[in-house]
Amino acid sequence: MTKHNGQRQGSPLRSMPPPSSFTPVTPHLAISPTVSVVVPAMNEAENLPHVFATLPQWIDEIVLVDGNSTDDTVAVAKRLRPNVKVVTQTGKGKGDALAAGFAACTSDIIVMIDADGSTDGREIINFVGALVTGADFVKGSRYASGGGSDDLTINRRLGNKVLTGIVNVMYNTKYTDLCYGYNAFWARHLDVLNLDCDGFEVETLMNVRAAKAGLKVHEVPSHERNRIHGESNLHVVRDGFRVLKTILKEWRRQPSPAQPEPTATPAADRGVA
């Protein structure tokens with residue numbers, strides 16, 4: 001409602017999308033945007049049954065990025081979800097895998113989770129809910145009220161705190177968690193994020209570029225669990241320095257302009273019913 005020459009005038013309301021465009025989530029909730037989930041994996045055959053069991057059935061697309069696994073990762077994924085889209089990674093590293101997975105997505109919303117069982121797919125609704133109610137980019141936080149971690153060591157916790165503080169000062173953000181791999185965003189912002197890194201610094205790169213582009217960033221609490229099987233490829237000191245290098249490098253880089261919300265398609269309503 002606005003005022004013009006002292007008179008109240010109402011702006012025209014956008015028409016609701018047809019009921020057929022909404023995907024049921026619960027008996028009381030439905031969403032109109034489509035959702036893709038990207039799962040980068042290398043030799044995670046033992047963990048995928050646990051990971052896929054937490055993914056909601058209403059997800060439109062699962063994109064598994066296989067890092068040339070030597071176990072049955074791909075076969076297990078296809079057995080669990082016959083309609084899974086498998087992308088074979090040609091490069092190396094988590095950043096490269098995510099870039100390949102994002103490029104293969106066809107949905108309005110993209111969610112990224114880990115294949116080791118540390119991220120809970122049942123939390124995806126919280127990320128999607130924040131997006132359809134106004135956010136451009138949603139990041140999980142282990143430090144937000146309601147979040148937590150079973151896996152953070154003292155060194156990782158300290159390093160994350162220091163790096164998060166540096167980003168908050170340099171980029172005028174209020175992040176509580178920087179180095180966490182559970183994030184979601186509107187696919188139209190892929191050009192802004194423009195992933196061009198290989199390693200675990202990818203989460204930091206995304207968070208920094210989202211802030212520099214002026215995207216509406218929202219944090220949701222998330223609980224990180226321990227890896228179920230296998231060992232992590234994360235090295236605290238090495239990857240910590242890569243994150244710091246990324247933070248400083250981005251300071252000198254010009255941000256890309258954010259893409260406006262489209263208005264010509266039914267999905268543009270981004271509604272929740």
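## Exercises on strands, contacts and burial

Strands E6 and E7 (residues 85-88) run parallel and are joined by four bridges. The model is predicted: local features need pLDDT of at least 70, side-chain atom pairs count only at pLDDT 80 or more, and totals for chains, interfaces and linings use all residues. Numbering starts from 1 along each chain as its sequence is written, and side-chain values use heavy atoms, without hydrogens or water.

**Exercise 1. Find the bridge partner of Val63 in E7, then trace the chain from E6 to E7 and give the handedness of the crossover.**

Step 1. Val63 has Lys85 as its bridge partner in E7. Strands count as paired when DSSP finds at least two bridges between them.

Step 2. On its way from E6 to E7 the chain passes through helix H2 (residues 73-80). Helices (H or I, at least four residues) and strands (E, at least two) are DSSP runs, numbered from the N terminus.

Step 3. This β-α-β crossover is right-handed. That is, with the strands pointing away from the viewer, the path from first strand over helix to second runs clockwise.

**Exercise 2. Which strands pair with E5, and in what direction do they run?**

Step 1. Take E8 (residues 109-112). Four bridges tie E5 to E8, and the two run parallel. Within this pair, Ser36 has Ile110 as its partner in E8.

Step 2. Take E6. Six bridges tie E5 to E6, again in parallel. Here Pro40 is matched with Val65 of E6.

Step 3. Add the helix. E5, H1 and E6 form a β-α-β unit, and the unit is right-handed.

**Exercise 3. Why is E5 described as largely enclosed by the rest of the structure?**

Step 1. Count. Seven of the seven residues of E5 (residues 35-41) are buried, so the rest of the structure largely encloses this strand. Buried means under 20% relative accessible area, exposed over 50%, partly exposed in between (1.4 Å probe, protein chains only).

Step 2. Recall the geometry. Side chains of a regular strand alternate between the two faces of the sheet.

Step 3. Split E5 by face. One side holds Val35, Val37, Val39 and Ala41. The other holds Ser36, Val38 and Pro40. Residues on both faces are buried, and both faces are covered.

**Exercise 4. Place Ile59 and list its contacts, leaving out residues up to four places away in sequence.**

Step 1. Ile59 sits in the loop between helix H1 (48-53) and strand E6 (61-66).

Step 2. Its relative accessibility is 10%, so Ile59 counts as buried.

Step 3. Ile59 touches Val35, Val37 and Ile124 (heavy atoms within 4.5 Å).

Step 4. Val37 is 22 residues from Ile59 along the chain, yet their C-alpha atoms are separated by 7.5 Å.

**Exercise 5. Is Asn160 buried or exposed, and what does Asn160 touch?**

Step 1. Asn160 belongs to helix H5 (residues 154-171).

Step 2. Asn160 is buried, because its relative accessibility is 3%.

Step 3. Beyond four places in sequence, Asn160 makes contact with Arg142, Tyr143, Asp177, Leu178 and Cys179.

**Exercise 6. How many residues of H7 are buried, and what phi does Gly214 take just after H7?**

Step 1. In H7, 10 of the 11 residues are buried, so this helix is largely enclosed by the rest of the structure.

Step 2. Check the names. The buried set includes Glu203, Arg209 and Lys212. Val202, Leu205, Met206 and Val208 are also among them.

Step 3. Move past the helix end. Gly214 has a positive phi of about 80°.
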